[in-house]
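Here is a short briefing to keep beside the structure while you look around. Take it topic by topic, with the viewer open.

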Amino acid sequence: MISGLSGSNYGTIWIDVEVNPSSGCSWASYSHSSNCDYVVELINAIKWYGKTVGVYTSQYEWETVMGSVGACTKANSV
C-alpha cells in the first residue's frame, strides 16, 4: 500500500478496527490476542516506513475485536 502511494501527499495512515459481518472478513475467526498482535504488527510495519499511524475505532468495536476496552495496551506503546 505504501509503495502504491509513493509520490502522493498524505498524512496519517489510519487502521480502522471494526466488526465486519462478511464471511471470511471477520475478526471473530481469531482470538482476541491474535487480533491484538495483528494490529500491533500493522502499526509497526507502517512506522517502519517512517509513516504516521492512527487507529480509528469505537469503544464497542474495540471491545468486540479485542475482548475488552482495556485490552491490547501494547498497541499504545508501539
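K74 is a good place to begin: with a relative accessible area of 39%, this lysine is partly exposed. Please keep in mind that the model is a predicted one. From K74 we can move to its charged partner, then to the overall layout, the nonpolar core and a few residues worth a visit.

**The salt bridge**

- K74 pairs with D37 in a salt bridge, and their closest N and O atoms are 2.5 Å apart.
- The two partners come from distant parts of the chain, 37 residues apart: D37 sits in helix α1, while K74 belongs to the segment after α2.
- D37 is also partly exposed, at 36% relative accessibility.
- Searching the whole structure turns up 1 salt bridge.
- As background, side chains of opposite charge can pair when their charged atoms come close.

**Overall layout**

- The protein has 2 helices and 2 strands, and reading from the N terminus their order is β-α-β-α.
- Its C-alpha trace spans about 35 × 30 × 20 Å along the principal axes.
- Of the 78 residues in the protein, 24% are buried.
- The accessible surface comes to about 5,300 Å², and carbon and sulfur atoms hold 52% of it.
- Among contacts with a separation of 6 or more, 70% are between residues 24 or more positions apart.

**The nonpolar core**

- The largest nonpolar core contains 16 residues, and V17, V39, W62, M66, C72 and A75 have the most contacts inside it.
- Two or more residues each come from β1 (13-16), α1 (32-48) and α2 (59-66).
- Which element gives the most to this core? That is α1, with 5 residues.
- V39 touches I15, V17, W27 and M66, once neighbours within four places in sequence are left aside.
- In general, nonpolar side chains in soluble globular proteins tend to be buried together.

**E61, a buried acid**

- Helix α2 is where you will find E61.
- What is the nearest side chain of opposite charge to E61, and how far away is it? It is K74, at 20 Å, and E61 is buried without a salt bridge.
- The E61 side chain does reach the backbone nitrogen of V19, at 2.5 Å.
- Not counting residues up to four places away in sequence, E61 is in touch with V17, E18 and V19.
- V17 therefore turns up in two places, since it is listed among the core residues with the most contacts and is also touched by E61.

**The segment after α2**

- C72 lies in this segment and has a positive phi of about 60°, although it is not a glycine.
- For comparison, most residues other than glycine have a negative phi.
- C72 is buried, with a relative accessible area of 10%, and is one of the residues with the most contacts inside the largest core.
- V69 is in the segment after α2 as well.
- Setting aside neighbours within four places in sequence, V69 contacts Q59, W62 and E63.
- Between V69 and S58 the C-alpha to C-alpha distance is 9.5 Å, with their positions 11 residues apart in sequence numbering.

Methods
Residues are numbered from 1 along each chain as its sequence is written. This is a predicted model: local features need pLDDT of at least 70, side-chain atom pairs count only at pLDDT 80 or more; totals for chains, interfaces and linings use all residues. Side-chain values use heavy atoms; hydrogens and water are left out. A nonpolar core is a set of buried Ala, Val, Leu, Ile, Met, Phe, Trp, Tyr and Cys residues joined through side-chain atoms within 4.5 Å. Buried means under 20% relative accessible area, exposed over 50%, partly exposed in between (1.4 Å probe, protein chains only). Helices (H or I, at least four residues) and strands (E, at least two) are DSSP runs, numbered from the N terminus. Contact means heavy atoms within 4.5 Å. Lys and Arg count as positive and Asp and Glu as negative; His and the chain ends are not counted. A salt bridge is a side-chain nitrogen of Lys or Arg within 4 Å of a carboxyl oxygen of Asp or Glu. A polar contact is a pair of N or O atoms within 3.5 Å; within protein, one must be able to donate a hydrogen and the other to accept it, and residues adjacent in sequence count only if both atoms are side-chain atoms. Accessible areas come from the Shrake-Rupley method with a 1.4 Å probe; for residues, only the protein chains shown count as cover.
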